[in-house]
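Visitor: I would like a close look at a single part of this structure, taken slowly and then set in its surroundings. Please begin with one strand and the partners beside it.

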Amino acid sequence: MTLRAFFFVVLWISAVNAAPPGATPLSPPAPPKSVAPHVPANWKVGVAVAKVTPQKMLFMAGYASRNKPAEGKVQDLFAKALALQDEQGNKLVFVTLDLIGVPQLLRHAVAERAEKEFKLPQANLVMNASHTHSGPSLRTTPLTEKDLDNPKAKDSWEYTQKLQNDIIGIIGKALAEVQPARLTWNKARCGFAMNRRRDYTLPPDHPNANKAPNPNGPVDHEVPALRVEAPDGTLRATLFGYACHNTSLGFYNFCGDYAGFAQEYLQEHRPGFTALFLMGCGADQNPYPRRSDVVPGITDLELSMQHGRSLSNAVEMALVVNPRSVAGPIRAAYEEIILDYAKPGREPHPYPVQVIKLGKDLTFITLGSEVVVDYSLRFKREFAGEAGVWVAGYSNDYTGYVPSLRVLKEGGYEAAAGWAESVEDRIAKKVHEMHALLSK
């Protein structure tokens with residue numbers, strides 16, 4: 001190639017890659033800069049990640065109609081651990097999973113091992129699942145002789161046993177590699193979640209009485225985000241949340257759905273940065289628009305990616321706008337309360353309730369299983385004050401839907417588990433009790 005030809009090739013490549021007229025130019029490389037330099041970097045934080053995409057095409061979780069194993073992978077699935085240590089040496093670990101849920105036996109096994117191996121109090125461990133319906137089916141009950149000839153049961157059991165070891169591995173690594181850090185938090189909003197139940201306030205003869213979703217139904221569009229900075233301002237990690245089912249997709253491919261894409265987009269141009277998703281109270285929330293043929297020419301995968309981009313954009317704003325400092329100490333409480341079923345003779349369920357306070361700045365309330373949005377809205381209202389309130393469902397247990405009293409009386413899919421009418425009252429009383437205990 002002549003020098004003249006080479007020159008024109010370089011010009012052509014530059015023109016192709018240049019921003020179009022009027023577009024914001026790319027920022028030149030610059031040293032890290034803190035969004036809150038006035039906040040002391042007096043935390044220690046560690047992060048660890050393990051890829052948990054199945055090596056086999058396992059049967060998938062989330063839809064009862066599925067009748068065959070997965071056919072492929074669109075996106076890897078991950079287990080991630082965020083370890084926080086305050087100035088007094090108290091430790092807290094969040095484990096987030098791109099999976100359907102956290103079976104209670106898995107929580108128990110991991111919490112017991114983490115306490116024994118790392119001296120981590122069981123109350124100071126949060127295990128939360130994104131509830132993607134594009135992940136593998138889990139099994140925590142040991143195999144019987146009958147199961148030994150059942151590849152579906154055997155593969156699921158082996159996967160779940162490996163998963164337990166992977167989780168212990170990242171907890172240990174995150175705790176062992178804590179480094180000085182600055183913590184801030186704030187929240188933004190994202191609007192694709194909509195209440196998926198019908199409008200029970202409409203009279204039976206109304207033309208929309210039996211139609212869902214309900215644009216007027218309760219939602220929680222807040223996107224809280226915890227920002228983890230190195231002392232020099234380098235963004236190291238974020239823990240962010242949203243309250244919406246990960247059900248954009250219905251295919252037979254492993255994928256984190258919108259939450260997986262949101263994490264991917266946040267990490268895309270940030271080497272060494274980790275984004276962790278904490279699922280909120282999204283039991284009665286679905287992403288809309290949803291599924292193929294709703295938007296002409298757009299597939300459900302494209303919709304999932306769009307929702308992921310919307311959520312990641314909200315997180316980007318929460319990470320930089322009006323940062324609120326987060327100080328210690330870490331205080332945590334965890335208890336499994338007894339929830340009764342309405343049907344006589346049915347065994348009650350030990351249900352996990354957890355409250356964590358980071359000083360006077362941020363309070364986490366985590367609830368087990370698929371919790372409807374009423375709980376999040378209620379606790380944010382009842383505990384509104386100096387500290388931010390962050391409510392997460394799908395934590396430490398996966399036993400079915402947990403309705404509020406309103407949803408239970410209305411009926412419908414989210415009320416089908418058959419809990420007694422005391423369900424919301426018992427959960428709320430325990431949350432208030434723990435909150436008061438930790439506030440002393």
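Guide: Lys 51 stands opposite Phe 78 in strand E3, and that pair is a convenient place to enter this predicted model. Lys 51 belongs to the pairing of strand E1, residues 43-51, with E3, in which 8 bridges join the two strands and the direction is antiparallel. E3 also pairs with strand E4, residues 91-97, again in an antiparallel sense, and here 7 bridges are found. Within that second pairing, Ala 79 of E3 has Leu 97 as its bridge partner in E4. E3 and E4 form a hairpin with 5 residues between the strands, and in this hairpin Gly 89 adopts a positive phi near 90 degrees.

Is E3 enclosed by the rest of the structure, or left open? Of the 8 residues of E3, which covers residues 78-85, 7 are buried, and the strand is therefore largely enclosed by the rest of the structure. In a regular strand the side chains alternate between the two faces of the sheet. Burial here is counted at under 20% relative accessible area.

Part of the surroundings of E3 is helix H4, since the buried residues of H4 pack against E3, and likewise against strand E9 (235-242), strand E11 (274-279) and helix H5 (300-320). H4 itself spans residues 257-267, and with 9 of its 11 residues buried it is, so to speak, largely enclosed by the rest of the structure. The buried residues of H4 include Asp 257, Tyr 258, Phe 261, Gln 263 and Tyr 265, and Ala 259, Gly 260, Ala 262 and Leu 266 are buried as well. An α-helix has 3.6 residues a turn, so residues three or four places apart point the same way.

A contrasting position is Glu 117, which is found in helix H2, residues 104-118. Glu 117 has a relative accessible area of 42% and is partly exposed. Between the C-alpha atoms of Glu 117 and Gly 22 the distance in space is 57 Å, with 95 residues separating the two in sequence.

Some backbone details in the loops deserve the attention of anyone preparing the coordinates for calculation. The peptide bond that joins Ala 212 and Pro 213 is cis, with omega about 10 degrees, and Pro 213 has its place in the loop between strand E7 (193-195) and strand E8 (222-229). A cis peptide bond is also found from Gly 328 to Pro 329, where omega is near 5 degrees; Pro 329 lies in the loop between strand E13 (324-325) and strand E14 (330-339).

Positive phi values outside glycine form another such detail. Ser 369, which is not a glycine, has a positive phi of about 65 degrees and is found in the loop between strand E16 (362-367) and strand E17 (370-371); with a relative accessibility of 0%, Ser 369 counts as buried. Tyr 394 likewise has a positive phi, near 55 degrees, in a residue other than glycine, and the loop that holds Tyr 394 runs between strand E18 (388-392) and strand E19 (401-402). The relative accessible area of Tyr 394 is 1%, and Tyr 394 is buried.

Another loop tyrosine, Tyr 341, sits between E14 and strand E15 (349-358), and Tyr 341 is buried with a relative accessible area of 12%. Setting aside neighbours within four places in sequence, the contacts of Tyr 341 include Arg 346, Glu 347, Pro 348 and His 349, and also Thr 399, Ala 417, Gly 418, Trp 419 and Ala 420. Tyr 341 and Phe 379 are 38 residues apart in sequence, and their C-alpha atoms are 23 Å apart in space.

To place these parts in the whole, the chain has 8 helices and 19 strands, and buried residues make up 53% of its 440 residues. Among contacts between residues at least 6 apart in sequence, 76% join residues at least 24 apart. The radius of gyration of the chain is 23 Å, which agrees with the value near 22 Å that a compact globule of 440 residues would have, and along its principal axes the C-alpha trace spans about 85 × 55 × 55 Å. About 19900 Å² of the chain is exposed, with 55% supplied by carbon and sulfur atoms. The chain carries 48 positive and 45 negative side chains, and the centres of these two sets lie 3 Å apart.

Notes
Residues are numbered from 1 along each chain as its sequence is written. This is a predicted model: local features need pLDDT of at least 70, side-chain atom pairs count only at pLDDT 80 or more; totals for chains, interfaces and linings use all residues. Side-chain values use heavy atoms; hydrogens and water are left out. Helices (H or I, at least four residues) and strands (E, at least two) are DSSP runs, numbered from the N terminus. The radius of gyration is taken over C-alpha atoms; the globule rule is 2.2 Å times the number of residues to the power 0.38. Buried means under 20% relative accessible area, exposed over 50%, partly exposed in between (1.4 Å probe, protein chains only). Contact means heavy atoms within 4.5 Å. Accessible areas come from the Shrake-Rupley method with a 1.4 Å probe; for residues, only the protein chains shown count as cover. Lys and Arg count as positive and Asp and Glu as negative; His and the chain ends are not counted. The place of a charge is taken as NZ of Lys, CZ of Arg, CG of Asp or CD of Glu. Two strands pair if DSSP finds at least two bridges between them.
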